[in-house]
Amino acid sequence: MAVGFVGELMGTATLILFGDGVVANVLLAKNKGQNSGWIVITAGWAFAVLCGVLVAVAAGAPGHLNPAVTLAFATATGDWSNVVPFIAAQFIGAFIGAILVWLAHLLHWGETEDQGLKLAVFCTGPAIRNYGANLVTEIIGGFALLFVVAAIGSKGVATPGYLAPFIVGMVVWGIGVSLGGPTGYAINPARDLGPRIAHAVLPIAGKGGSDWGYSWVPVVGPVIGGIVALMLAKATGMM
């Protein structure tokens, strides 16, 4: 359990370092990647997932990096033994990763006037705010992630273990370019809430509020979608 905890923490920190890092590179003023666009952000998050999973697996963890994944597999398999330590590790890792992103871009926060752009580095927000519709979008995104992950691990596909992290990264890229526009595709409670907490407590130059009114959507939505996905996968013989 201790090894898995460390692996999930390190992997999730890596995920956020690369993932929130690419958002900072695109959004913050006077960065060399400023205004490079949505495709760069979605590609960066795909690489972030790949790197995070590789680090976690190398450190002896399964590479969930995501409470929605951990909870969905626990629900589908009935094994809840690692749920608490893994989720704790994921949230702590996400918080640490966000701190590293803040430090890496330290000179650029004060150069960026828009408070919303600063918040967007750390967490997601809707393009059109409607909690019901936003929740549905996040449920669908969480479902898509876990349903395809189940397919990747199925006997029919028989993905070699060393290829799985690459394919999962591509799945996240696909979700970003296909489903990411309405809510920013959190699809991961730790990815959103851990850095949101970091935004709230860090001395970020010129920051605004952390949008706590929306914060439950990217937590609840992916969990519901992930659990439904794996239960359907199990019922249809995919796992």
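How many aromatic pairs does a search of the whole structure find? The search finds six. Please keep in mind throughout that this is a predicted model.

Let me begin with one of those pairs, formed by W38 and Y185. Their ring centres are 5.9 Å apart and their planes meet at 70°, an edge-to-face arrangement. The two partners come from distant parts of the chain, with their positions 147 residues apart. W38 belongs to helix α2, which covers residues 38-58, while Y185 sits in the loop between α7 (164-179) and α8 (189-201). Is each partner buried or exposed? Y185 counts as buried because its relative accessibility is 7%, and under 20% is the cut-off. W38, at 36%, counts as partly exposed. Elsewhere, Y131, Y214 and W216 form one aromatic cluster.

I now turn to helix α2 itself. What span should its 21 residues have at 1.5 Å a residue? The expected value is 30 Å, and the end C-alpha atoms are 30 Å apart, so the two agree. Which residues of α2 are buried? Among them are I41, W45, A48, V49, G52, V53 and A56. When reading such a list, recall that an α-helix has 3.6 residues a turn, so residues three or four places apart point the same way. The buried residues of α2 pack against α1 (2-27), α7 and α8. After the helix comes G60, with a positive phi near 95°.

One residue of α2 deserves a closer look, namely C51. Its relative accessibility is 23%, so C51 counts as partly exposed. Which residues does C51 contact, once neighbours within four places in sequence are left aside? They are T14 and F18. C51 and L15 are 36 residues apart in sequence, yet their C-alpha atoms are 6.7 Å apart in space.

Finally, let us consider the database record. The unreviewed UniProt entry annotates residues 6-28, 40-63, 83-104, 139-158, 165-187 and 213-233 as "transmembrane region". What does the model show in two of these spans? Residues 83-104 are 100% helix and 0% strand, with end C-alpha atoms 31 Å apart. Residues 40-63 are 79% helix and 0% strand, and the end C-alpha atoms of that span lie 24 Å apart.

To close, I would ask you to find W38 and Y185 in the structure and to view their edge-to-face pair. From W38, please follow helix α2 along to C51, and then look across to T14 and F18, which C51 contacts. Thank you for your attention.

How values were computed:
Residues numbered from 1 in each chain as written. Predicted model: local features only at pLDDT ≥ 70, side-chain atom pairs only at ≥ 80, totals over all residues. Heavy atoms only, no water. Phe/Tyr/Trp six-rings, centres within 6.5 Å; stacked < 30°, edge-to-face > 60°. Helix = DSSP H or I, 4+ residues; strand = E, 2+ residues; numbered from the N terminus. Buried < 20%, exposed > 50% of the residue type's maximum accessible area, 1.4 Å probe, protein only. Contact = heavy atoms within 4.5 Å. UniProt positions renumbered as here; feature names shortened; annotations may be inferred. Expected span 1.5 Å × (residues − 1).
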